[in-house]
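Q: Please take a close look at one part of this protein. I want the sheet first, then what surrounds it.

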Amino acid sequence: MSTEGQVITCKAAVAWEPNKPLVIEDVQVAPPQAGEVRIKILFTALCHTDAYTWSGKDPEGLFPCILGHEAAGIVESVGEGVTEVQPGDHVIPCYQAECRECKFCKSGKTNLCGKVRGATGAGVMMNDRKSRFSINGKPIYHFMGTSTFSQYTVVHDVSVAKIDPQAPLDKVCLLGCGVPTGLGAVWNTAKVEPGSIVAVFGLGTVGLAVAEGAKAAGASRVIGIDIDPKKFDRGMSCVSSSKYHL
């Protein structure tokens, strides 16, 4: 039975208040409007940014909301004017949009797209400045334009990336945040050169992505530092060479 154009009721982890346990609720997810995409989320990871906002320390944090921004899923339906994805496509929601039209996207100097930032920062959709989530008529804010702690979510079409359907969704969900953050730190920010010696503080998802990026950039040594000894083996398997040290 097609759900296109219909409100979908599904499960979501709702943060009703800062620093209070998330609650699994039945949430109503409205159909996508023009320039929007509704996605069935199949896998979502947990990033420290989610915990930071949940803690109440995030000045942009809004409650009640549905957190989550590191996920992968399948397009359920699209709104008017959406051409780059269609129902059935495998996708990654992207908290950092790319419209390819604004001055930031065209600058070649930054990827901080400004097209939908004013809406995503306010926990709503740009089309009507309203949320697509509700519980018994009460609006629930979006988070980072993604809200992946829900079985279904609605995002702007400039905030979704189509991927190879053969890619394992339980792994590529990390491409939504942790992996590109680490690789970007190496390739775009530090601009690591061949022969460099790179120190990585913290060997979580981002740190391991930094190590991989440094290795790919030709670093002569990668030194990993972490207070958790259990991360040693994982870090070594990541770089797998005698010239890299943990």
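Which residue in β7 does V29 stand opposite?

A: V29 stands opposite F133 in β7. The model is a predicted one.

Start with the strands behind that pair. β2 spans residues 23–29 and β7 spans residues 133–135. The two run antiparallel and are joined over two bridges.

Now widen the view to the sheet. β2 and β7 sit side by side in an open sheet of five strands. The order is β4-β1-β2-β7-β8, and the pairing is antiparallel. In general, strands of a sheet pair through backbone hydrogen bonds. The edges are β4 (65–66) and β8 (138–140). Each edge strand pairs on one side only.

Next comes the core. V29 and F133 both return here, among the residues with the most contacts inside the largest nonpolar core. C10, V27, I66, L67 and I140 complete that group. The core has 20 residues. Strands β1 (8–15), β2, β4, β7 and β9 (152–156) each supply at least two of them. β1 gives the most, with six residues.

Then the pockets. The largest pocket has a volume of about 1100 Å³. Its lining counts 34 residues, and C94, Q96, A97, E98 and N111 are the closest to the centre. By class, the lining holds 16 nonpolar, ten polar and eight charged residues. α5 (178–190) and β10 (160–162) each supply at least two lining residues. α5 gives the most, with six. Two domains take part in this lining: domain 1 (8–176) and domain 2 (179–238) each contribute at least three residues.

The second largest pocket has a volume of about 430 Å³. It is lined by 23 residues. Nearest its centre lie E60, R117, T120, G121 and M144. Helices α1 (48–54) and α3 (117–120) are the elements that give two or more residues to this lining. Its residues divide into nine nonpolar, ten polar and four charged.

Back to the starting pair. V29 faces F133 across the β2 and β7 pairing. Both residues also rank among those with the most contacts in the largest nonpolar core. β2 and β7 each supply at least two residues of that core. For the pair, then, sheet and core are the two settings to view together.

Definitions and conventions
Residues are numbered from 1 along each chain as its sequence is written. This is a predicted model: local features need pLDDT of at least 70, side-chain atom pairs count only at pLDDT 80 or more; totals for chains, interfaces and linings use all residues. Side-chain values use heavy atoms; hydrogens and water are left out. Two strands pair if DSSP finds at least two bridges between them. Helices (H or I, at least four residues) and strands (E, at least two) are DSSP runs, numbered from the N terminus. On a 1 Å grid over the protein atoms alone, a cavity is a set of points where a 1.4 Å probe fits but cannot get out, and a pocket is an open set with protein on both sides within 12 Å along at least five of seven lines; lining residues have an atom within 4 Å of a point. Grid points are joined across faces, edges and corners, and a volume is the space filled by probe spheres set on the points. Ala, Val, Leu, Ile, Met, Phe, Trp, Tyr, Cys and Pro count as nonpolar, Asp, Glu, Lys and Arg as charged, and the others, Gly among them, as polar. Domain bounds come from an automatic or database domain assignment. A nonpolar core is a set of buried Ala, Val, Leu, Ile, Met, Phe, Trp, Tyr and Cys residues joined through side-chain atoms within 4.5 Å. Buried means under 20% relative accessible area, exposed over 50%, partly exposed in between (1.4 Å probe, protein chains only).
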